[in-house]
Each structure stands twice: as C-alpha cells, then as structure tokens.
Amino acid sequence: MGSNVTAAWKIHRQGAYFANPCFTQIHPTCIPVSGDHQSKLTLMSESLRNDGRIWVPKKKEDAVAIREGKLKPIDLAEEDRDYYLERRYPAFGNLVPRDVASRAAKERCDEGYGVNTTGEAVFLDFADAIIRYGKEKAHIKGLDENDLSLVQKLGKEIIKAKYGNLFQMYEKIVDQNPYETPMMIYPAVHYTMGGIWVDYNLMTTIPGCFAIGEANFSDHGANRLGASALMQGLADGYFVLPYTIGDYLADDIRTGPISTNLPEFEQAEQRVQAQIDAFMSNKGTKTVDYFHRKLGKIIWNKCGMSRNATGLNEAIQEVKALREEFYKDVFVPGTSDSFNEPLAKALRVADFLELGELFAKDALERAESCGGHFREESQTPEGEALRDDANFTFVSAWEYKGEPSEAKLHKEPLNYENIELKTRSYK
Amino acid sequence: MKLTLKIWRQENATAKGSMHTYSIDDVSPDMSFLEMMDVLNEQLMQQGVDPVAFDHDCREGICGACSMFINGEPHGPDRLVTTCQLHMRKFKDGDTIHIEPFRAKPFPVIKDLVVDRSAFDRIQHAGGFVSVNTSGNTQDANAIPIEKTNADKAFDAAACIGCGACVASCKNASAMLFVSAKVSQYALLPQGQVEATDRVLNMVKQMDEEGFGNCTNTGACEVECPKGISLENIARMNREYLSAKVSG
Ligand code: SF4
Ligand code: FES
C-alpha cells in the first residue's frame, strides 16, 4: 500500500522531531462525498477557480428542491443565487486562499444550503466564463456576439482547451456534464504542511539523517500554494542537498563500507519481525480497513476544517482507544512470507493511529487560528481566522516519547528580520 | 446491483492459476471498479477467504498501478480511463464480469491480479532522463523557446503513465507505444537533445532484452491506452532509431 508518511513516521520514532502536524491543507475543490464506499475524494485542480464561480442558492427551500432533484441548478434565477465568496471577499472573490474558500463552503453547507443529496456540496459554475470567452472570440472573429448558441459553442471550445481533462475526469466520476450543468464540489483534506523538522541544511534532529521534499516541514508555514510540493522537491533536491549532504559526508570520506552485522541492524530487523508476527498471530475479528476508515472519520470530524478544544480532546481519547482496539482485534489474513496487501496495510495503519493522535495534540496545543489550522475559539466577529502572534509565533517540533500523548514539545521561535508580521485581508 | 465476478486467482509466480467465481450484491453504480473490489475483499475476509490481490495507488488515473484485464480489455470497457476511473455504471445489474491480470511474458504474475512491471522501470532507467546543470546557475526554462506544436506533442507523450495496457492489449505483447511515448517526450524538446542518440538505442535495446514482442501495426494499443497516446509516437521513435543508427 502506498503511503507517504511511513518513512517520516519511522524516523520520528527513532528521534527525528516532527514539526507542525496540525497545519493541514483542506482543498476546496474536491469531488463531494457520495457514500461510504468512496476510497477517495478526487481533487479537481484549483485552476478551475480561475474561471468557475462558486455559489449556493440564496433560499433554503431552493437548496432543498435541488437536493431532492425537483429543481435544476441552471433553472435558478441569477438573483436567487448566493455567490458567497464574491459577497464576502469582494477583493479576491473566487480566488481567496484554499483555507478561506474551504471554510466558507462548510459554513454555507452547515447552514443548510448544500446542494447534493448529502447536503455537503456547493456549485462551481462555468456558465458565465463560457459566455465571456465566447463573446470575446466572436468579437475577434467578427461574428455575431448576440448569437447565444454560437457564443456558447465558441466559449465551450475555449473552456475545453483550458480544462478539458478535468471536465472529462469530473464527468467520469459524477456522471454529469459540467459544460451543461455546474460542477458540485466540497472541501477535502489534501496535504499536511507539517513534516519532519529539518535545519537549513535539511538535516533532521538525527545527525546524518536528511529529509527532503514533502516529507519535511521546511518550505511551508501554516499554509501553502499550488505546486509548492513540486517547487520544494526541486529546490531541496537540486539546489540544497547537493551541497549540504556532501559537506556532511566529507568527514567520512575514509570511513569505508559499514557492516550490516551490527546490533543496530539486528534490533531494527527484530522490531519489524516482532510487529509482523504480532499481526499474523492476532486472532482478531475486524479488518484493517475498518480501523483505517474509523480513524479517518474521527480526524475529519474533530481535527478537520474547524477545530475546538472539546472536539480535540475527544479525538485524542478516541484515537487512543481505537489504537488499543486495533492491536487487540485486528485480523490480518494470509501469511507473512507471501505477497500480503492487508499485512502491508496493517503496518501502515499502525503508524497512522499514532500520527493521528499527534495531529490532534498539536492542534489542541496551538490555541490560535493560523493558515490551515482553524480554532473556533480564535476567530474575529465576522468568523475569520484570528492569529495570536504574541503567544504562537513558533514552530512546534515534537519529540517522540513512546505514546503520542507523552510527546514532548520543542518550540522553535520564528524571528522575522526583514518583514513585519501582518494579517492579510481578503475583503 | 448484483454481479457475478469471475476472477483469476494465482497464489504466486510459479503456482498454477484458475478462475474463481464470486457473487457480490449491493454494488452502487457510483462506485469505481476498485471500490467494488474493496467491497468484495471485505466480504471475502469476513468469510475467511484470502482477499484478491490487486495493484492500486493514486486511484485517480495518474500512477498507472491498477492493471486489470476486464472482460477482455485492459482497464475494462470504458475509453480513456484506468481501472480506478472506471465506474460500475458501465455495467448492468446481473452482469458477469471476467477479471484477469495483464498477461504478457515480461509481466510475470506476482499474485492474483498483481503483475511485475519492473521491465518498464528498467527501460526507463536505460534512457528516460535528461542532463541538467545543477551548478546553481541553472538556466531559466522559459528562456528556451519551444514551438507550440512540439510542446503540445511532448506534453501529450508525457501523459503516458506506464500502466502497461498497451502491452496487455497487443497480441505480440509489444511495448512500442510505451517506449515511443517515453522517447518522444524528450525527442521533441531541446532539453532532450543531449542524450538523443543513446536514448533511443538504449531504450529499444532494453525493450528487446526484456522480451517484449514486435510491433505489427495492429493499433490495439492506441485504442486501449487510457491516456490517448497516439501511434504517431511509434513512427517518431522509428525515425529517431533509424537516424541514431545511421549517425551512431
Ligand atoms: S502508452 Fe498508454 S497504455 Fe501504454 S503504458 Fe503508456 S499510458 Fe499505458
Ligand atoms: S490507481 Fe493510479 S492509475 Fe489507477
């Protein structure tokens, strides 16, 4: 099973500090939940917000009618639509940052304006963009700008050239044609800005152990921009590591090969073998997926888009209890010496069950709202995120001490020398 | 939906495999094919049956892992999708679905539906890279002008996800569509010129060593390719190969 946190968590357990786990990016433009079977809320590219307008009905009864299939979104009059991002953030409109767009969608849906059967979806509408592009094209070509069907045809061609692959992907998943009816989207978890703590040379707190790219925390603060994972991979890999790792290894140039017949290797092997044996001999009743899904629900509900102390304390308890149940009652079929997907997954989920608790612990500790981390206790009267720079201008770097509840917090203060800390307004 | 699944079960690379029949109820048309397989496996584990091993990772059509031969076609009946993007609404209530691994000599079965596609990795290692300057004085990529048609064609070729559907659909188990996509994405760009000659020769050599068959221009690969890789790439690779041979 593919997992991009496993390596990071393994070295965390060996002494590498884990930084800022609570900074989680929620992506506003994902395929909404349609049922329990879904393995993934596919991410539609954020580029769609360049041209799509986000809205829900203004009146609750219209939202209900749309949910029940009695009203089509395209039949709802312009004045009955609430383009809530444009309304709340006139300066940035549909292009507000991801955390702001996500929370605004949740706010509308929590109020009962959601537009799909689960009530957790908003519209992303390209109708205006199609007309705008179509008119431009007709104008350039000297054609009739008032011929609606011509304008729509031309506009759709331009939208297709820009977003054709995404529209196709949406249609395959949802079975609706986004050229004709607005897309439905909802926020979903995308990325954690946190990761292994590293110094400016990209070395972790374990001497000689380097972490680059998405595995570390270094380039993002509490939020990130599109494509920054790629940027970080390139920056770390091309420009930083070639200098720093060589510098570190220079002292060992005459060390020669290191034997694998050392106690450290033996202990590592024994540790893994013991874990595998424990899973294989466990006579549990529940599959690994059962625990994985349950963990996901706890984290999403209590350590998701908006968090509060009560929920986080509950999440910590629930994850701990789930972890205990997992070791007692998980069932792993097959054998350990053959290709065994459920076993591989059990080894991964074991790590997730610890990481999840650290997520919640870090989120509880950081009693301010900041970037991808929104604490309900810390907001402005208009419901915007409220930072607390006096108390929280630091990186949280956690040291592993066995149980996640025992993890020790190290604070790395953030000193801004050339810029002044400000709060940006998107109004 | 209720479905009957006939699935290839094979313990390991050397074991003899056979088709097994399972029935599954409560399939929602909105499920992806892999989600249906998840439900089946959950059901099998409850019954104490070893779950069906299958490959998957991204579940959004970008990693190429989800190799399944469904009703005689790689990635099933829909066009321009991978198995993870295939949805159950493409099937009818009561259907019987045959699910097999991708079959080709260079793709040995590891277990059930999982095959070893490391042959593709080795072909990539033979030439799927470019030289870049990492001295810190790297040139701005935008400083090199590239003709739009070439940029588009290189981009289209680079869409290949290495899934192996082209091989599985080919009666000769030829990997030409895959290799030609990988060669083309560099051949069309100035960054690819440094290794151009060696690249095509080495990748083709590796392809032959891995035991992939010859191309007889049947075109099944193009039809089944989830990323719409065009046969034009094969023609381009043949040209590249010829000129490399002549100049080399
Ligand atoms: S050419 Fe198409 S079918 Fe072949 S590996 Fe690439 S994406 Fe898959
Ligand atoms: S699982 Fe990645 S392409 Fe299907």
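B:Ala173 is a good place to start: with a relative accessible area of 14%, this residue counts as buried. In this predicted model, B:Ala173 belongs to the loop between α4 and α5 of chain B. Its backbone deserves a look too, for phi of B:Ala173 is near 50°, a positive value in a residue that is not glycine. Most residues other than glycine have a negative phi.

Move along to B:Ser174, which is found in the loop between α4 and α5 of chain B. Is B:Ser174 buried or exposed? Its relative accessible area is 6%, so B:Ser174 is buried, given that buried means under 20%. The side chain of B:Ser174 has a polar atom that lies 3.5 Å from the backbone oxygen of B:Gly213.

The two helices that flank this loop lead us to ligand 1. Both α4 (165-169) and α5 (176-187) of chain B give two or more residues to the shell around ligand 1. How many residues surround ligand 1? There are 13, and the closest are B:Cys160, B:Cys163, B:Gly164, B:Cys166 and B:Cys225. By character, the shell around ligand 1 holds 11 nonpolar residues, 2 polar ones and no charged ones. The space that ligand 1 takes is the second largest cavity.

Now step back to see chain B as a whole. Chain B is built with 8 helices and 7 strands, and its C-alpha atoms fill a box of roughly 60 × 35 × 35 Å along the principal axes. Of the 248 residues in chain B, 50% are buried.

B:His75 is one more residue of chain B to visit. Look for B:His75 in the loop between β4 (73-74) and β5 (96-100) of chain B. Phi of B:His75 is near 65°, which is a positive value in a residue other than glycine. The relative accessible area of B:His75 is 0%, so this histidine is buried.

Let us cross to chain A and look at its cysteines. How many disulfides does the structure hold over all chains? The count is 0. Take A:Cys22, which is in no disulfide: the nearest cysteine sulfur belongs to A:Cys303 and is 7.4 Å away. A disulfide needs two cysteine sulfur atoms within 2.5 Å, so a pair at that distance does not qualify. A:Cys22 is buried, with a relative accessible area of 0%. A:Cys209 also counts as buried, in this case at 19% relative accessibility, which is under the 20% cut-off.

Where does A:Asn340 sit in chain A? Its place is in the loop between α10 (309-329) and α11 (341-365). At 12% relative accessibility, A:Asn340 counts as buried. The side chain of A:Asn340 reaches the backbone nitrogen of A:Leu343, at 3.1 Å.

Our last stop is A:Ala129, in helix α5 (residues 127-141) of chain A. A:Ala129 has a relative accessible area of 1%, so this alanine is buried. To get a feel for distances here, pair A:Ala129 with A:Tyr113: these residues are 16 apart in sequence, and their C-alpha atoms are 24 Å apart in space.

How values were computed. Residues are numbered from 1 along each chain as its sequence is written. Chains are lettered from A and ligands numbered from 1 in the order in which they are written. This is a predicted model: local features need pLDDT of at least 70, side-chain atom pairs count only at pLDDT 80 or more; totals for chains, interfaces and linings use all residues. Side-chain values use heavy atoms; hydrogens and water are left out. Buried means under 20% relative accessible area, exposed over 50%, partly exposed in between (1.4 Å probe, protein chains only). A residue is near a molecule or strand if one of its heavy atoms lies within 4 Å of it. On a 1 Å grid over the protein atoms alone, a cavity is a set of points where a 1.4 Å probe fits but cannot get out, and a pocket is an open set with protein on both sides within 12 Å along at least five of seven lines; lining residues have an atom within 4 Å of a point. A molecule sits in a cavity or pocket if more than half of its atoms lie within 2 Å of its grid points. Helices (H or I, at least four residues) and strands (E, at least two) are DSSP runs, numbered from the N terminus. Ala, Val, Leu, Ile, Met, Phe, Trp, Tyr, Cys and Pro count as nonpolar, Asp, Glu, Lys and Arg as charged, and the others, Gly among them, as polar. A polar contact is a pair of N or O atoms within 3.5 Å; within protein, one must be able to donate a hydrogen and the other to accept it, and residues adjacent in sequence count only if both atoms are side-chain atoms.
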